[in-house]
Amino acid sequence: MEKKPYYITTAIAYTSGKPHIGNTYEAILADAIARFKRKEGYDVFFQTGTDEHGQKIEEKAKKAGVTPQAFVDNVAKDIQNMWDLVDTSYDKFIRTTDLEHTRQVAKIFKKFYDQGDIYKGYYEGMYCTPCESFWTESQLADGKCPDCGRDVKPAKEEAYFFKMGKYADRLIEHINAHPEFIQPVSRKNEMMNNFLLKGLQDLCVSRTSFKWGVPVDFDDRHVVYVWLDALTNYITGLGFDTDGNHGENYKKYWPADLHLIGKDILRFHTIYWPIFLMALGEPLPKQIFGHPWLLQAGDKMSKSKGNVIYADDLAKLFGVDAVRYFVLHEMPFDNDGQISWELVTERYNTELANVLGNLVSRTVAMINKYFGGTVTKPTGGEEEPDSEFKATVTSAVGKVIAKADGLRVADALTEIFNLFRRANKYIDETMPWALAKDASKTNRLNDVLYNLSEAIQIGASLLDSFMPSTSEKIFKAFGGENRNLYDCASFGIPQSVTVNTIEPLFARLDFKTLAPEIEKIRDEQIKAYQAEMGLDGNPAPTQNNKEGNVMQNQTNEQTVEQEEKVPQISIDDFAKVQLKVGEIIACEKVPKSSKLLHETVKFGNEIRSVVSGIAKHYTPEEMVGKKVVFVTNLAPRTVCGVLSEGMILAAEDEDGKLALVVSDKDDLKSGAVIG
């Protein structure tokens, strides 16, 4: 029987720099879905790639002293290497500088112009270079870009515009008729209420202020605006032809079954892209899923904040499959997820090492020890709790399919690990080590270990879409093979199982041993960012203790005189400082320093290291348990060999007395934001 086609895409990654783990998550998520669909029997086409045009790229290339093409060639290679590192099984990696793509973009633009969807005018408004977006004053958020929060600047230039309102009612009708079109539902409501129902403005689709883009072939002063260029990759990558001479892949796979994107670019994909397709006379994608963000300490990752985590750095310390497990399991369906080095380590130990790794190691070791490496299929009757155990194992496949088909990948992984937890409990219930002491229980011991091997192999067969390398190692350990979903519902397929000794899948890790390497990674990132921004790497402290990170408010005459010279700041300047309540859970003196204390501080679910120059005023014992206000978005630095990831707030009077800025309510939770 011919397989049913399934087309899945990621958003194409912008080639402005190395993608962090939040960007990489999307590629891993799409890969897990693609692999699972293949396991369900679909003919899957998985496309990803890079978005390579725009003013931001042109400016970065100029700053780097290279051509835009050379710049994007290097970054696109880095992105593709990252996708390969985390085992994404894409079928096509498209680049928007590909010749066939640029040819079709120019033809699409001309088609829109010829049929009256595009007209020439002037654009005057506020422009955000990082987002490549124009905004009116009313659309700004506190004077900043509403998408990224960065500064905007006035801009006026000649441009072509697309008549969005021409298709708005038709799109509203489509969304209402297809409730599955935008997922989760909260995203659909956001697009309808905030944009479509308020009325769409015509969209700027060309630029004249830069040259790095697809030229408008009938007006060489213009290049096609990046979003019209980028969005069309989903069809050009399949062989779409504006003249109707489509390639076989386009005929086979379009419309897309799933566009997987970040929630921050939902408007472009659920409003602009469907309208472009309507203007082309092509079917709309079946579903667009706006996944949440992966946050570091409750904040978006940013090199300027010093809180970026990259997949390759994680993989060096934990392995690729551990990275895949973490991002897939920790990201909720419609709420933002959290990541930190500490949290990854904790999940690695509790889930991967304890639940899965220990289960496999114990089972292989017992089969080798008690039966020379081979157990056979039971021939006798069942004992408690065999029947319930087998039913739990074989019922897992239905639960996993339901979760995965609903794009609830984290929940699908939870169901698989529930199977592994049940297998660990089965060991505790049957106590194989006790059975081994009684020669009359040899057959029962064989049956128990065979049942365990079956449960593990079924679990590994379900796991292979999410952690392919780990599943392969498990099959090697048990001499088995990856089973299809139908066989995962059957218990007792092989007549015998012969195990092979393997290295532990996940050896437990001590965060203390990882800390120096993590600190090294952070330092390298900060240095790289400072070099990129032209900073010297050692900014002089302002109103800071020279050894620690203490913001002080002195009232002596010299300080008052200095403060009078300090320029006033706006509320926007103040908003750049992130203040949070932190609970000090440990404190010690910094060796070889008479002024410094090293605090371990809890901010909600995150633990940070902070160095403060307050040792002459407070003992370590006095500090433990205090809830103090900290600046939490300073770039990390190393002070006297100790990592400092924040700055404690304190005030000092003219007599030299120092007081910490503390919470007056004991029940205020750590991590509470000040502002």
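Colleague: Let's start with a pair of helices. Is the crossing of α5 and α6 left-handed or right-handed?
Modeller: Happy to begin there, and please keep in mind that this is a predicted model. For the pair formed by α5 and α6, the crossing is left-handed.

Colleague: How do the directions of α5 and α6 relate, roughly parallel or roughly antiparallel?
Modeller: Helix α5 covers residues 165-177 and helix α6 covers residues 185-196, and their axes come within 12 Å of each other. These axes cross at roughly 160 degrees. Angles over 145 degrees count as roughly antiparallel. That is why α5 and α6 are described as roughly antiparallel.

Colleague: Which class supplies 6 residues of the contact of α5 with α6?
Modeller: On the α5 side, A168, L171, I172, I175 and N176 take part, and they meet K188, M192 and L196 of α6. By class, 1 residue of this contact is polar, 1 is charged and 6 are nonpolar.

Colleague: Let's move along the chain. How many charged residues are in the contact of α17 with α18?
Modeller: Helix α17 (residues 442-463) and helix α18 (residues 468-478) have axes that come within 9 Å and cross at roughly 155 degrees. The contact is made by S453, I456, Q457, A460, S461 and L463 of α17, together with T470, S471, I474, F475 and F478 of α18. Sorted by class, these residues give 6 nonpolar, 5 polar and, for charged, none.

Colleague: Which helix gives the most residues to the largest nonpolar core?
Modeller: That core has 107 residues, and I21, F466 and F478 touch the most other members. The most generous contributor, with 12 residues, is the helix spanning 341-371, α13.

Colleague: How many residues are in the second, separate core?
Modeller: Good one to ask next! Its members include I108, F112, I175 and F276. This separate core has a size of 63 residues.

Colleague: Are α12 and α13 roughly parallel or roughly perpendicular to each other?
Modeller: The axes of α12 and α13 are 10 Å apart, and the helices pack at an angle of about 100 degrees. In this packing, A322, Y325, F326 and E330 of α12 meet L343, V344, R347, Y348, E351 and L352 of α13. Angles of 65 to 115 degrees count as roughly perpendicular. The helices α12 and α13 are therefore roughly perpendicular.

Colleague: And V323, is that residue buried or exposed?
Modeller: V323 sits in helix α12, residues 320-330. Beyond four places in sequence, V323 touches I21, A311, L314 and A315. Residues under 20% relative accessible area count as buried. V323 has 4% relative accessibility, so this residue is buried.

Colleague: One last residue, H20. Is H20 buried or exposed?
Modeller: H20 is placed in the loop between β2 (13-14) and α1 (21-39). Setting aside residues up to four places away in sequence, H20 touches M301, V308, I309 and Y310. The cut-off for buried is under 20% relative accessible area. With a relative accessible area of 18%, H20 is therefore buried.

Conventions: Residues numbered from 1 in each chain as written. Predicted model: local features only at pLDDT ≥ 70, side-chain atom pairs only at ≥ 80, totals over all residues. Heavy atoms only, no water. Core = buried A, V, L, I, M, F, W, Y, C linked by side-chain atoms within 4.5 Å. Buried < 20%, exposed > 50% of the residue type's maximum accessible area, 1.4 Å probe, protein only. Helix = DSSP H or I, 4+ residues; strand = E, 2+ residues; numbered from the N terminus. Contact = heavy atoms within 4.5 Å. Axes fitted to C-alpha atoms, helices over the stretch in contact; angles between N-to-C directions. Parallel < 35°, antiparallel > 145°, perpendicular 65-115°, else oblique. Left-handed = near helix turned anticlockwise from the far one by under 90°. Nonpolar A, V, L, I, M, F, W, Y, C, P; charged D, E, K, R; others polar.
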